[in-house]
Amino acid sequence: MLPLIFLILIVAAFGVLAAYAPRNYATAKRLAIIFSGIVLVLSIVLVYYGLEVHGFLNSIESVSYISQFGIDLAFTAAPVQIILILLAAIVSLCATIVKSSKFENSKNLYPLIMLFELSAIGLFASGNLFIFYIFWDVGVIAAYFMISSFGQGQAKHAANAYLVYSIFASALLLFSIMMIYFYTPVHSFSISYITAHSYMIPQGIQAMIFALFFIAFMVKMPIFPFHSWISNAYASAPTQGSMVIAGVLSKFGAYGMLLLFSMLSVSSDFSKYAFAIGGISAFYAAFVAMRQADLKKIAAYTSMVEAGIILIGIASLNSFGTDGAIYLMLAHGLVIALTFAIIGGIEIAFGERNISVLKGVVKDAMGSAYSFLIAVFASTGIPLTAGFIADVLVFIGAIKSFGIYGIIPLFSIMVVGFYLYWVVNRSFLSTKETSQSISKVPFEATAAYVLLAASIFLFGVFPSILMGLFNV
Amino acid sequence: MVFDATYYSIPALMFALVLFGLLSLFHRNKRVAFAATSILLAGIFAASLSNMAYGSNALLFSAYSISPFSSYLLVLFSSIFLIINWFAYSSASDYFKLNFIMSVLAIGIFTVPMANSLITIIIAIELMSAPTILLIAFGGKRYAEPATKMFLLSAISVSVLAFAIALAFPYDVTLSLHAASTANPFNSGYLLMLSLGLFVVAFGTEAALFPFNFWIPDVYQGAPSHITAMIAGLNKKVAFIALIEVLFTLFAAYTGTISVILSVVAILTMFFGNLGAMTQTSVKRMFAYSSISQAGYISVGIAAANSFGIEASLFQIFAHSFMIVGAFIIIGLLEAYGLATVKDYSGLSRRNGLAAAGLTIIMLSLAGIPPLIGFVGKFLLFSSAISSGLIALAIIGILNSFISIYYYGRLISSMYGASDQRSIALTKSAYFVIGAILAVIIAFGVYPEPLIIAAKAAATSLAGFA
């Protein structure tokens, strides 16, 4: 059988070089679009293989890497992994397509996006924790350079805050991975081996490892109280950077959390605390979002609400909750990428992204305004969008595990949804007074809107495409 | 013992190195001297590489031992020396003079990993440190201060070393490292423990271990860059090798004591280096402190005191040699354009892309970011600490890597800022050498397997571990 994941990673790696080589901006961008387009096509083939080719799902592609520790370069194509790879491919392609408001000297942004895509796909597919850690850090550093070198405003400050949190998380992650390795009966980094044998690790050690992993992933998701890097990082990053950081990088944490809960046998003892933390985080973020006027910061806190809901789904520890969490990762990744693409487009068109100034976007930029409405629909879980399927599954799962309390976090979505509709009405759709546009929304941005919005509806109307992977 | 040309080629090449160095003093042709030295060093590199590949074991003149351990280190030292040789050639005006002294120094450096007795070690260390002082002092009057510091330090180090050997003498009358490890005739005694401690002090002074490392920042900053690169990339590593050899042959029975002493030293050294680096404004001085903290990481492997720990230390010695030499080469080349402080470096990426990118990759590697060689080294080191139960040491080590991001990140974000200064042009050969160093850092980071296997073979061949 074709080693499809290796193929995808190799294409992405060539994409990094191809986007780095040319001297001018346009060629670099074009090459990045071509290579991330190929990656997307291959990811679609991956979904097709998963659904149709017998025996492909859960197959492992591996070559020996460091034999002394039994580390293989191993990649698994399980349903969760396939869904997240697809997400990374779609979001990265859209990120290479859109235009940012500051594009002078931003040629080197494209190799970074490709490097980030490479790390995201490698991380989601990784079959052992060592490879997981390597791709994790590559992604973190690529995102750091996106913010610090190509950001606007307080970019340096935001990038440093981001880096401090991220490296803190990486340090915890590295230490816990080493601990797991030395406490498994036959020393191993393999995720499937650890999952099967975690009950043999002493309870106390497991609890410690769990806590360290949990904090590391909380930083990345982000979950209260390790969230303070997001608002500045998202606000300062270039449009492309915000799209991939919010859309894909935050899924590193969510995916890690999913692995953690399925990997360690001790996790069922902690699930109710995780549920509580997720709920608190969602409510906290919902109320903080209401105090923001910068569209990017609103989007940042909305995404933090969703991170809390994802954690709740994972902590439910039943198939509804977990499937819902996975679907929400996909849905939210697409929605937040769309949101940031729109905000980028509006910033180019109006030179402004503060909602107290921005009025009547619909008059001069109709596409952006209605796309924003679609994004809000999807993030508040209106039927026919991908967000609806995800929310329904998560809350069924939560109610099954935590009884009637499971429904409470749903109100955080309502709170933030209320605010988002108010924003849409006031700044986007109402035409009582209108801001004057300074230029048109670029064509590239519109293309990205269409691609992302189409995916949101596709996975909302036909959830069976991806949910089918779980039943093959 | 069978006569084997590859074995004897190494002492022969070393002899030829000194001979050509001496000749170059007379005919005073820079290019010829450079070419001859490079070819001979490449010869040593090739011979050691073949010895390493075949896992050769031999004892020459009953003083030099060829083993996977010495071959591994000769490969490292000869390749680093090739780079330093190029750097000295391209930046020093009186290269033919340096060439002779460096070739003498090379003998000392190459002898330590092959040493078979304590006497060989003390002579080799002396052969290494005396020429280093001369090399610093050659720069002229303004280098008198670092040269004096280096001189005092070497004098203390060698005398302490002599005393340590004297204390160990009753327990090891042949002064042989090999015999001691196999016979293991020791009774525990406080004299012996004192000897162990003094060995740590003597080598720790050269290897930049706390609290014997206050000279490092001054000398590193004061000395000309090619000498700084040499001290950081070779002299310091040689001291570590000597320490590992002595501790795990002569004192192989006392791994518990070694573990305690080195754990404490490692923790203090890491904190001293990293906290010191945070407040520096001079880039060269910052890297001096960074190199101290790296000495702390290397000691973590020695503190683990098992075969895995030695392997990790040897790996990190290899990794750090390349990283720090690369860093000091870039810094030295930029010094000519008046770049010294973190502020001067702002906007370097606009002025010279490769220098900024190279320094960034080296710093990310020093900070332990995958997939670079420094990450693999740290991963091995902290794993070895956990494997021998030193979990606290591993946590403190990882915490220190976290701290180090702060000062590396500061320089990186400064380099990628705006600049209106004129651009900096480097020579083609500079691009080639920097490119080669970066290739090593990236290649062995992405695929560390060959180097890990070599380090493992080296660690297990060191007497004391089966």
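In chain A of this predicted model, the loop between helix H12 (295–315) and helix H13 (319–350) holds A:Leu317. This leucine has a positive phi of about 55 degrees although it is not a glycine, and with a relative accessibility of 38% A:Leu317 counts as partly exposed. A residue in chain B can be set beside it: B:Ala208, which is not a glycine either, has a positive phi of about 70 degrees. B:Ala208 lies in the loop that runs between helix H8 (190–207) and helix H9 (215–222) of chain B, and because its relative accessible area is 0%, where buried means under 20%, B:Ala208 is buried.

Loops of both chains also contain cis peptide bonds. In chain A, such a bond joins A:Phe224 and A:Pro225, with omega at about 5 degrees, and A:Pro225 is found in the loop between helix H8 (203–220) and helix H9 (230–236). In chain B, a cis peptide bond joins B:Pro370 to B:Pro371, with omega at about 0 degrees, and B:Pro371 sits in the loop between helix H15 (353–366) and helix H16 (373–387).

From these local features we can turn to chain B as a whole, which is built from 19 helices and 2 strands. Its radius of gyration is 21 Å, close to the 23 Å that the globule rule gives for 466 residues, so chain B is as compact as a globular protein of that length. Taken along the principal axes, its C-alpha atoms fill a box of roughly 70 × 55 × 40 Å. Among contacts in chain B with a separation of 6 or more, 81% are between residues 24 or more positions apart. Of the 466 residues of the chain, 64% count as buried, while the area that chain B exposes is about 15400 Å², with carbon and sulfur atoms supplying 70% of it.

The interior can be followed through the largest nonpolar core, which has 395 residues, and in which B:Phe199, B:Phe287 and B:Leu314 have the most contacts. Leaving aside residues up to four places away in sequence, B:Phe287 touches several residues, among them B:Ile324, B:Phe328, B:Leu359, B:Met363 and B:Leu411.

Nonpolar residues are also found on the surface, where A:Leu384, A:Phe457, A:Leu458, A:Val461 and A:Phe462 form a patch with about 440 Å² of accessible area together. One member of this patch, A:Val461, belongs to helix H18 (residues 443–461) of chain A, and with a relative accessible area of 40% A:Val461 is partly exposed.

Note on methods
Residues are numbered from 1 along each chain as its sequence is written. Chains are lettered from A and ligands numbered from 1 in the order in which they are written. This is a predicted model: local features need pLDDT of at least 70, side-chain atom pairs count only at pLDDT 80 or more; totals for chains, interfaces and linings use all residues. Side-chain values use heavy atoms; hydrogens and water are left out. Patches are made of residues with over 30% relative accessible area and no salt bridge: like charges are joined within 9 Å, nonpolar side chains (Val, Leu, Ile, Met, Phe, Trp, Tyr) within 5 Å. Accessible areas come from the Shrake-Rupley method with a 1.4 Å probe; for residues, only the protein chains shown count as cover. A salt bridge is a side-chain nitrogen of Lys or Arg within 4 Å of a carboxyl oxygen of Asp or Glu. Helices (H or I, at least four residues) and strands (E, at least two) are DSSP runs, numbered from the N terminus. Buried means under 20% relative accessible area, exposed over 50%, partly exposed in between (1.4 Å probe, protein chains only). The radius of gyration is taken over C-alpha atoms; the globule rule is 2.2 Å times the number of residues to the power 0.38. Contact means heavy atoms within 4.5 Å. A nonpolar core is a set of buried Ala, Val, Leu, Ile, Met, Phe, Trp, Tyr and Cys residues joined through side-chain atoms within 4.5 Å.
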